[in-house]
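Hi,

Here is the structure I promised to hand over. Have a look at it, and my notes on what turned up are below.

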Amino acid sequence: MVLLVDDDEFHLDMIYAQLLAIGYERVVCAASGAQALAELETWGPAIGTVICDLSMPDMDGLVLIRHLAQRHLSAGIILLSGAQGEILHSAARLVSAHKMNLLGVLAKPCSNAQLQQLLSRLQPTSAPSRPDLAPELTAQRLKLALASGEFIPWYQPKLDIRSGLVVGVEALARWPCAAGGMIGPARFVPAMEAAGLADALFFAMARQVAQDLSDWQRQHIFVKAALNLSMSTALNLAVPEQLQCIVHKAGLQPSDFIIEVTESQLMVNRALIMESLTRLSLMGFVLSIDDFGTGYSSLVQLIDLPFKELKIDGSFVQRASTEQKAQSVLRMAILLGNNLAMQVVAEGVETQEQLEFVRLWGGHMVQGYHFARPMPLAECTAFLVQPRQL
């Protein structure tokens with residue numbers, strides 16, 4: 001069932017007729033946001049799609065979307081408006097921020113084909129999934145997993161945009177499940193942090209990555225390995241010495257490692273974090289500011305901390321193909337990094353077009369699904385020795 005919301009009677013009738021023409025016979029019409037919420041109370045989960053105008057009196061489309069999100073509506077959302085494209089893009093990002101199922105945006109008037117294309121994106125209700133076989137993430141279970149070495153690094157390569165050579169890898173924590181499959185970091189990392197085990201996970205990963213990097217060097221494979229350091233772990237003033245000890249024990253140098261700091265995390269104790277990061281830099285570790293452009297006081301951090309690498313968040317790279325503003329932000333970020341004599345890495349590169357944008361504007365390295373997904377050690381080792389050309 002489709003819930004169609006528009007205060008303009010002419011457009012309401014026109015879109016209703018279009019829906020009938022392309023085979024959607026179960027359509028409920030609402031001339032206001034309040035009426036739409038009333039219809040939702042009546043029909044509930046039977047509503048599979050909401051087509052919503054943005055500009056409406058009393059309750060505009062954005063307010064209605066908020067109410068739908070608060071009701072945990074799982075229906076697909078199509079935004080429809082006579083507003084400019086830039087406003088539509090912002091509205092679309094808001095729907096995504098609410099974690100709702102955005103099918104797309106359309107400017108008025110739209111064609112039957114455009115409407116049908118967006119409606120076809122709505123996936124049918126899937127069969128019930130098998131029960132979650134992952135263990136309960138208690139502090140005791142997480143400690144046991146750490147002690148047993150159950151967490152392992154997977155690696156995503158970073159390629160030099162000029163030579164096409166793999167110059168580095170980013171280590172990403174993974175937890176294979178005994179019942180098969182993988183427990184994702186989105187689930188176990190927050191549990192680790194809540195249990196006060198984030199530091200232990202960081203050092204467990206560092207030891208394994210150091211061992212893998214040492215093994216690669218014995219095979220004459222020379223790349224830098226990037227470790228993700230959370231702000232909470234950076235508050236631990238013992239991190240620099242402990243990490244240096246791990247590196248030296250593996251027969252490596254701090255310069256073999258890049259420490260990626262996610263700038264979307266607020267510095268709750270700036271002085272302590274600045275001390276940890278600056279000491280890591282003094283020891284020879286390369287500091288990288290990750291997800292650049294998405295967090296707090298980016299420019300201040302670039303001035304105050306000795307970062308040598310700038311990783312541009314993948315959202316800017318991916319949106320540059322279709323949005324002029326995203327293109328401008330991507331270009332300016334690359335220019336900023338170059339002017340500060342930093343290595344500039346573009347994350348999330350998924351297409352040849354995105355690669356060419358980064359190449360054209362002077363980026364140095366790229367990382368993303370266009371080249372390689374995160375992979376286990378053996379697969380990554382095979383990838384590192386393969387010749388390739390971008």
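**Pockets**

The lining of the largest pocket splits into 15 nonpolar, 12 polar and 8 charged residues. For that split, Ala, Val, Leu, Ile, Met, Phe, Trp, Tyr, Cys and Pro count as nonpolar, Asp, Glu, Lys and Arg as charged, and the others, Gly among them, as polar.

Before you go further: this is a predicted model, so local features need pLDDT of at least 70 and side-chain atom pairs count only at pLDDT 80 or more, while totals for chains, interfaces and linings use all residues. Residues are numbered from 1 along each chain as its sequence is written, and side-chain values use heavy atoms, with hydrogens and water left out.

Back to the largest pocket, which holds about 970 Å³ of space. A pocket here is an open set of points on a 1 Å grid over the protein atoms alone, where a 1.4 Å probe fits and protein lies on both sides within 12 Å along at least five of seven lines; lining residues have an atom within 4 Å of a point. Grid points are joined across faces, edges and corners, and the volume is the space filled by probe spheres set on the points.

Of the 35 lining residues, Glu-170, Ala-171, Leu-172, Asn-228 and Thr-262 lie nearest the centre. Strands β7 (166-176), β9 (224-229), β10 (257-262) and β11 (286-292) are among the elements that each supply at least two residues of this lining, and so are helices α7 (185-194), α8 (198-218) and α13 (314-319). Helices (H or I, at least four residues) and strands (E, at least two) are DSSP runs, numbered from the N terminus.

The second largest pocket has about 190 Å³ of space. Its lining is His-89, Ala-92, Arg-93, Ser-96, Leu-102, Arg-319, Thr-322 and Glu-323, which divides into 2 nonpolar, 3 polar and 3 charged residues. Helix α4 (residues 85-97) contributes the most to this lining, with 4 residues.

**Salt bridges**

Two of those lining residues also pair up: Glu-323 and Arg-319 form a salt bridge, with the closest N and O atoms 2.8 Å apart. The rule is a side-chain nitrogen of Lys or Arg within 4 Å of a carboxyl oxygen of Asp or Glu, and it gives a count of 14 salt bridges. Are the two partners buried or partly exposed? Glu-323 is buried at 15% relative accessibility, and Arg-319 is partly exposed at 23%. (Buried is under 20% relative accessible area, exposed over 50%, partly exposed in between, using a 1.4 Å probe and protein chains only.)

Arg-141 and Glu-150 make another salt bridge, at 3.1 Å between the closest N and O atoms. Arg-141 is partly exposed at 23%, and Glu-150 is partly exposed too, at 22%.

Then there is Glu-356 with Arg-359, 3.2 Å from N to O. These two sit 3 residues apart in helix α15 (residues 352-360), so about one helical turn separates them. Glu-356 has a relative accessible area of 34% and Arg-359 one of 31%.

Glu-170 from the big pocket's centre comes up again in a network of salt bridges, linked with Lys-158, Glu-260, Glu-309, Lys-311 and Glu-347.

**Aromatic rings**

How many aromatic pairs does the structure hold? There are 7, where rings of Phe, Tyr and Trp (its six-membered ring) pair if their centres lie within 6.5 Å, and planes under 30 degrees apart count as stacked, over 60 as edge-to-face and the rest as tilted. Phe-151 and Phe-188 are a tilted pair, 5.1 Å centre to centre with 55° between the planes. Phe-151 lies in the loop between α6 (139-147) and β6 (152-160) and Phe-188 in helix α7, so the pair ties together parts that are 37 residues apart in sequence. Both rings' residues, Phe-151 and Phe-188, are buried. Phe-202 and Phe-203 pair edge-to-face, at 5.4 Å and 65°. Phe-202 is buried at 7% relative accessible area, and Phe-203 is buried at 7% as well. Trp-175 joins Phe-151 and Phe-188 in one aromatic cluster.

Two arginines sit over rings (CZ of Arg, or NZ of Lys, within 6 Å of the ring centre and within 35 degrees of the ring normal). Arg-331 has its charged end over Trp-361, 5.2 Å from the ring centre, and Arg-373 lies over the face of Tyr-369 at 3.9 Å.

Cheers
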